Amino acid sequence: MEIDQVEAFVTIVRRGGFTRAASTLHLSQPAVSRRLHLLEREVGAPLFERIRSGVVLTEAGRHVPAARGGALASLRDAVEAVGALQRADRGTITLAVVGTLASTTLTGRLRRFREAYPTSGCTSGPRSARK
């Protein structure tokens, strides 16, 4: 089950139809239909009954936890949280400091940071002096 399939399903439920869901998701209606088709194939049953005024959930559709809400938000929160963990100690910060600022508290704070986090890769000095 893919997040985009669940997102399509939830949006169809909330918006009451494929065309309105496609508009909300900024997708074509066939793209939303395809996502739902893949989800239905994985679940093994149709999830919606198409009626003239839109769609209604089938018995199988009513048993999909995402239909009750919250599941998609929880999935998104989990993906974002894991991503934040992976990025928390990543990245590069380069500071170019003029001489008058180099003699302020900034250098002391950077030194304390380097001592507190020795594996951070924090270096100091002119770029040309680093190897």
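## Where the first two helices meet

Let's start at the beginning of the chain, where helix α1 (residues 3-15) and helix α2 (residues 18-25) have axes that come within 8 Å and cross at roughly 120°. That angle makes α1 oblique to α2, and the crossing of α1 past α2 is right-handed. Keep in mind as you look that this is a predicted model.

Which residues of α1 and α2 make the contact? On the α1 side they are E7, A8, T11, I12 and R15, and on the α2 side they are F18, R20, A21, T24 and L25. Sorted by class, the residues of this contact are five nonpolar, two polar and three charged.

## The whole chain at a glance

Now step back and take in the chain, which has seven helices and two strands. Reading from the N terminus on, its elements follow the order α-α-α-β-β-α-α-α-α.

Two percentages help to describe the chain. Of its 131 residues, 23% count as buried. Take the contacts between residues at least 6 apart in sequence: 44% of these join residues at least 24 apart.

## Helix α1 against helix α3

Back to α1, which also packs with helix α3 (residues 29-43). Here the axes are 8 Å apart and the angle is about 110°. Angles of 65 to 115 degrees count as roughly perpendicular, so α1 is roughly perpendicular to α3.

If you would like to find this contact in the structure, look in α1 for D4, Q5, E7, A8, F9 and I12, which meet V32, R35, L36, L38, L39 and E42 in α3. By class, the contact of α1 with α3 has seven nonpolar residues, one polar residue and four charged residues.

## Helix α2 against helix α3

What angle do α2 and α3 make as they pack? The angle is about 105°, and their axes are 8 Å apart. The two helices are therefore roughly perpendicular to each other.

From α2, the contact uses F18, T19, A21, A22 and L25, while α3 brings Q29, V32, S33 and L36. In the contact of α2 with α3 there are six nonpolar and three polar residues, and no charged ones.

## Three residues of α1 up close

Is Q5 buried or exposed? This residue, which has its place in helix α1, counts as buried because its relative accessibility is 6%, and buried means under 20%. Setting aside neighbours within four places in sequence, Q5 is in contact with R35, L38, L39 and E42. Those four partners are also among the α3 residues that α1 meets.

T11 is another residue to look for in helix α1. T11 has a relative accessibility of 9%, so T11 counts as buried. Its contacts, again leaving out neighbours within four places in sequence, are with G16, A21, T24 and L25. V13, also found in helix α1, is partly exposed, because its relative accessible area is 29%. Try finding V56 as well: V13 and V56 are 43 residues apart in sequence, but from C-alpha to C-alpha they are 7.9 Å apart in space.

## A residue in the loop

Between α2 and α3 there is a loop, and H26 has its place there. H26 is not a glycine, although it has a positive phi of about 60°.

Is H26 buried or exposed? With 72% relative accessibility, H26 counts as exposed, because exposed means over 50%.

## The pair of strands

Finally, turn to the two strands. Strand β1 (residues 48-51) and strand β2 (residues 54-57) run antiparallel, and four bridges join them. How many residues does the hairpin use to join β1 to β2? The hairpin passes through two residues.

To see the pairing for yourself, begin at F48, which stands opposite L57 in β2.

Definitions and conventions
Residues are numbered from 1 along each chain as its sequence is written. This is a predicted model: local features need pLDDT of at least 70, side-chain atom pairs count only at pLDDT 80 or more; totals for chains, interfaces and linings use all residues. Side-chain values use heavy atoms; hydrogens and water are left out. Axes are lines fitted to C-alpha atoms, for helices over the stretch in contact, and angles run from 0 to 180 degrees between N-to-C directions. Angles under 35 degrees count as roughly parallel, over 145 as roughly antiparallel, 65 to 115 as roughly perpendicular and the rest as oblique. A crossing is left-handed if the near helix is turned anticlockwise from the far one by less than a right angle, and right-handed if clockwise. Contact means heavy atoms within 4.5 Å. Ala, Val, Leu, Ile, Met, Phe, Trp, Tyr, Cys and Pro count as nonpolar, Asp, Glu, Lys and Arg as charged, and the others, Gly among them, as polar. Two strands pair if DSSP finds at least two bridges between them. Buried means under 20% relative accessible area, exposed over 50%, partly exposed in between (1.4 Å probe, protein chains only).
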